[in-house]
Amino acid sequence: MSEPAGDRMLPADRLSPAAYGALVERVLARGWHLLDPEIGAALPDAGPGVAPGALLPGCLDEPVLLSRDAEGAERLLSNVCTHRAALLVDAPGPSKRLRCPYHGRRFGLDGRCEAAPGFEGLAGFPGPDAHLPQLGLGSLGPLRFGAIAPMMPLNALLDPVLERIGWLPLDRLRPVPALHQDHLVAAHWALYLDNYLEGLHIPFVHPALNAALDMGAYQDHRLPFGTLQIGIAEVGQRAMLPPPGHPEAGQRVLAWYFWLFPCTMLNIYPWGISVNAVQPLGPAASRVRFSTWTWEPEGAATEAALAAAVQGLHQTEVEDEQVVARVQRGIGARAYRGGRYAPVREDGLRHFHQLLTRALAPD
Ligand code: FES
Ligand SMILES: [Fe+2]
């Protein structure tokens, strides 16, 4: 019997070292990424100021600058001087304008070039290319997202998330820095995503999670630029009870698991949000930066309960990382031809591969 076209996994050569650069430039450099929470936390509490950082550290390493002007408007600017590419700002702090330490070019907090020693009297200067490029910036509660030249607007990613979680107290979300963690994974970032995007492995890899979930009620949905998996709680588990009119009204939701193209995952739990931001480090290595955000009130009991919840998540995470590293060791095998997608619980994986293929196609 013949197979439908596109019914096999992404060819392994797409994940080879030779293909890695194309994925970085065609997919990652054109996607939205979570700004490291440390960047937002470093902005002064009030008044104009700046906080430098990198977008997708270890991979794009794009130097960026989060600025807030006197009116409170936030922008994400390039942190690279438009003259000869010197980095502009090294440390966060209050600031009303930026001054390049190399030849003294000055910029406003909106990125406009205000003065450039040596260029006085030059016809047509400063033109648009003298101003600092403004990059994409948007947010979901206190989570900020940045992009250099995105393929799609941020709301194409976030609107489906808000449709599901807009009723939750997002305005009360606060980071819990003590529970942020980095994990190194011995695998290509797309293999980490492959695993996240399917529920087929849960009974085999995650015994504790499997016991907490009603696997018969597990759902997965395609989003235009992502996926949504829905875990329904077994009796006795803490759950979210969505309001009337909600797509999951009447169900006890243990978690909504969102993947946002290309490599951000938002896991929504009764206590808040756990984010996995994947930072590719090479063709066989990735870093997953976990951050924890809660809407629960501050206090020792809350922090202890959160620490216990996050500990449970990390058990699941370690189980995932081990199995993903196992796939990395097999993916380059000459005898491996690419398996077929399971008709159940692997559609998110197929959707991911289709979005990758589309992004890699010539414009
Ligand atoms: S590199 Fe900034 S002024 Fe020359
Ligand atoms: Fe898993």
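**Reading a two-domain chain**

Biologist: I would like to begin at R345, which has 19 C-beta neighbours inside 10 Å and therefore counts as partly exposed. Which count of neighbours would a residue need to be called buried?

Modeller: A residue is buried if 20 or more other C-beta atoms lie within 10 Å of its own, exposed if 12 or fewer, and partly exposed in between. R345, with its 19 neighbours, therefore counts as partly exposed, and please keep in mind throughout that this is a predicted model. R345 is found in the loop between α7 (300–331) and α8 (347–360), and its phi is near 65°, a positive value in a residue other than glycine.

Biologist: Where is A85, and is it buried or exposed?

Modeller: A85 belongs to the loop between β4 (74–78) and β5 (93–94), where its phi is near 75°, again positive in a residue other than glycine. Because A85 has 10 other C-beta atoms within 10 Å, A85 is exposed.

Biologist: Turning from single residues to the whole chain, how many helices and strands should I look for?

Modeller: The chain holds eight helices and 18 strands. Its C-alpha trace spans about 75 × 55 × 35 Å along the principal axes, and buried residues account for 36% of the 363 residues. A radius of gyration can be set beside the value for a compact globule, which for 363 residues would be near 21 Å; the chain has 22 Å, which agrees. If you take the contacts between residues at least 6 apart in sequence, 60% of them join residues at least 24 apart.

Biologist: Which domains does the chain have, and how many residues of each are in contact with the other?

Modeller: The domain assignment gives domain 1 (33–147) and domain 2 (154–360), and their centres, taken over C-alpha atoms, are 32 Å apart. Across the boundary, 15 residues of domain 1 are in contact with 18 residues of domain 2. On the side of domain 1 that touches domain 2, the elements that give two or more residues are β1 (33–34), α2 (37–42), β9 (134–140) and β10 (143–147), with β9 giving the largest share, three residues. That side of domain 1 divides into 10 nonpolar residues, five polar and no charged.

Biologist: Which residues touch the most other members of the largest nonpolar core?

Modeller: That core has 84 residues, and those touching the most other members are L66, Y192, L193, W256, F258 and L266. Strand β15 (residues 253–260) gives the most to the core, with eight residues, and the core draws at least three residues from each of domain 1 and domain 2. To see one of these residues in its setting, look at L266: leaving out residues up to four places away in sequence, L266 touches V161, F258, L260, I273 and V275.

Biologist: How many residues of helix α4 are buried?

Modeller: Eight of the eight residues of α4 (residues 189–196) are buried, so by the neighbour count of 20 or more the helix is mostly covered. Those residues include Y192 and L193, both of which also appear among the best-connected core members, touching the most others.

Biologist: Which residues of α8 are buried, and what covers them?

Modeller: In α8, G348, L349, R350, H351, F352 and H353 are buried, and what covers the buried residues of this helix includes α4, β13 (219–223) and β14 (226–232). A helix can also be checked by its length: at 1.5 Å a residue, the 14 residues of α8 should span 20 Å, and its end C-alpha atoms are 20 Å apart, which agrees.

Biologist: Which residues does V205 contact, leaving aside its neighbours within four places in sequence?

Modeller: V205, which is found in helix α5 (residues 202–205), is in contact with E319, D320 and V323. V205 and T316 are 111 residues apart in sequence, yet 8.3 Å apart in space, C-alpha to C-alpha. Because V205 has 16 C-beta neighbours inside 10 Å, it counts as partly exposed.

Biologist: Finally, where are P126 and P262, each of which follows a cis peptide bond?

Modeller: P126 lies in the loop between β8 (113–115) and β9, and the peptide bond from F125 to P126 is cis, with omega near 0°. P262 is in the loop between β15 and β16 (264–269), and the bond from F261 to P262 is likewise cis, with omega near 0°.

Conventions. Residues are numbered from 1 along each chain as its sequence is written. Chains are lettered from A and ligands numbered from 1 in the order in which they are written. This is a predicted model: local features need pLDDT of at least 70, side-chain atom pairs count only at pLDDT 80 or more; totals for chains, interfaces and linings use all residues. Domain bounds come from an automatic or database domain assignment. Two residues are in contact if their C-beta atoms, placed from the backbone, lie within 7 Å. Helices (H or I, at least four residues) and strands (E, at least two) are DSSP runs, numbered from the N terminus. Ala, Val, Leu, Ile, Met, Phe, Trp, Tyr, Cys and Pro count as nonpolar, Asp, Glu, Lys and Arg as charged, and the others, Gly among them, as polar. A nonpolar core is a set of buried Ala, Val, Leu, Ile, Met, Phe, Trp, Tyr and Cys residues joined through C-beta atoms within 7 Å. The radius of gyration is taken over C-alpha atoms; the globule rule is 2.2 Å times the number of residues to the power 0.38. The expected span of a helix is 1.5 Å times one less than its number of residues.
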